Amino acid sequence: MYDKNNVFAKMIRGEIPTNKVFENEHAMSFYDINPMFQTHVLVIPKGPYQNILDFSKNASTDEIIGFWDCFNKTTEKLGIDCEFNCVANAGANAPFIKQSVFHFHLHLVAGERKPAFHEQLAAEFK
Ligand code: AMP
């Protein structure tokens with residue numbers, strides 16, 4: 001069940017500070033607080049969706065269009081239209097990297113890896 005007190009829900013409501021890159025009616029993007037790459041941004045829908053599957057199954061057409069519009073504008077604003085990765089972790093026991101915030105988010109990363117990336121991989125695969 002969706003927890004409306006998760007950290008991203010609080011950011012959407014303006015209850016905690018957010019370093020935004022782009023925002024529209026249905027989605028927003030902001031810098032990750034613990035960047036693992038030179039550029040590390042999260043793109044989220046404003047609606048209450050726990051993970052990527054919840055979003056793709058249950059979001060309205062307007063929300064889905066708004067989310068991808070936010071994604072497109074974010075890459076334009078960051079100037080990363082050619083070389084980047086997108087990752088969506090789903091579930092507390094996801095096999096690659098575990099989801100820790102249960103509000104759907106796409107990690108959009110580009111540029112050089114930071115030490116935090118290697119530390120997280122080491123922790124996940126120890
Ligand atoms: P995940 O493991 O896919 O659920 O990733 C959650 C991401 O949210 C992590 O990369 C965190 O660093 C990031 N995060 C957690 N709290 C905040 C916050 N207040 N502002 C920005 N990013 C956050």
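This talk goes through one predicted model, starting from its sheet and ending at its ligand.

I'll begin with the sheet. Five strands make up an open sheet, and going across it the order is 1-2-3-5-4, with antiparallel pairing. The two edges are strand 1, residues 20-23, and strand 4, residues 85-87, and each of these pairs on one side only. On average, neighbouring strands in this sheet are turned by 20° against each other, if direction is ignored. As a reminder, strands of a sheet pair through backbone hydrogen bonds, either parallel or antiparallel.

Now across the sheet, one pair at a time. Strand 1 runs antiparallel to strand 2, and three bridges join them. One residue to find here is Lys20, whose bridge partner in strand 2 is Phe30. The two strands form a hairpin, with three residues between them.

Next comes strand 2 against strand 3. This pair is also antiparallel, joined by five bridges. Tyr31 has Val41 of strand 3 as its bridge partner. Here too there is a hairpin, and five residues connect strand 2 to strand 3.

Is strand 2 enclosed or open to the outside? Four of its five residues are buried, so strand 2 is largely enclosed by the rest of the structure.

Strand 3 then pairs with strand 5, antiparallel, over six bridges. If you look at His40, you will find Val109 of strand 5 opposite. Val109 of strand 5 also stands opposite Asn85. That takes us to the last pair, strand 4 with strand 5, residues 106-113, which is antiparallel over three bridges. In this part of the sheet, Val87 has His107 of strand 5 as its bridge partner.

What packs on this sheet? Helix 3, residues 61-78, does, and the strands touched are strand 1, strand 2 (27-31), strand 3 (37-45) and strand 5. The direction of helix 3 makes about 160° with that of strand 3.

One residue of helix 3 to look at is Glu63. Glu63 has 18 C-beta neighbours inside 10 Å, so this residue counts as partly exposed. Setting aside neighbours within four places in sequence, Glu63 is in contact with His26, Pro45 and Gly47. From Glu63 to Lys46 is 8.4 Å, C-alpha to C-alpha, with their positions 17 residues apart in sequence.

On to the core. In soluble globular proteins, nonpolar side chains tend to be buried together. In this model the largest nonpolar core has 20 residues. Those with the most contacts inside this core are Ala27, Met28, Val41, Leu42, Val43, Ile44 and Cys70. Which elements supply at least two residues each? They are helix 1 (7-12), strand 1, strand 2, strand 3, helix 3 and strand 5. Strand 3 gives the largest share, four residues.

Val41 is worth picking out on the screen, as one of the residues with the most contacts inside the core. Leaving out neighbours within four places in sequence, Val41 is in contact with Val21, Ser29, Phe30, Tyr31, Asp32, Thr74, Leu78 and Leu108. Tyr31 in that list is also the residue that has Val41 as its bridge partner.

Now for the loop between strand 4 and strand 5, where Pro95 is found. Pro95 has 8 other C-beta atoms within 10 Å, and is therefore exposed. The C-alpha atoms of Pro95 and Leu53 are separated by 16 Å, and the two are 42 residues apart along the chain. Phe96 has its place in this loop as well. Is Phe96 buried or exposed? Phe96 counts as exposed, because there are 9 C-beta neighbours inside 10 Å. Phe96 and Phe125 are 29 residues apart along the chain, and their C-alpha atoms are separated by 8.6 Å.

Last, the ligand. Which residues are around the ligand? They are Val7, Asp32, Ile33, Asn34, Asn89, Ile97, Gln99, Ser100 and Val101. By character, this shell divides into four nonpolar residues, four polar and one charged. Asp32 in this shell is also in contact with Val41.

To close, the points to keep in view are the open sheet with the order 1-2-3-5-4, helix 3 packing on the sheet, and the core of 20 residues.

Notes
Residues are numbered from 1 along each chain as its sequence is written. This is a predicted model: local features need pLDDT of at least 70, side-chain atom pairs count only at pLDDT 80 or more; totals for chains, interfaces and linings use all residues. A residue is near a molecule or strand if its C-beta atom, placed from the backbone, lies within 6 Å of it. Ala, Val, Leu, Ile, Met, Phe, Trp, Tyr, Cys and Pro count as nonpolar, Asp, Glu, Lys and Arg as charged, and the others, Gly among them, as polar. Two strands pair if DSSP finds at least two bridges between them. Axes are lines fitted to C-alpha atoms, for helices over the stretch in contact, and angles run from 0 to 180 degrees between N-to-C directions. Two residues are in contact if their C-beta atoms, placed from the backbone, lie within 7 Å. A nonpolar core is a set of buried Ala, Val, Leu, Ile, Met, Phe, Trp, Tyr and Cys residues joined through C-beta atoms within 7 Å. A residue is buried if 20 or more other C-beta atoms lie within 10 Å of its own, exposed if 12 or fewer, and partly exposed in between; C-beta atoms are placed from the backbone.
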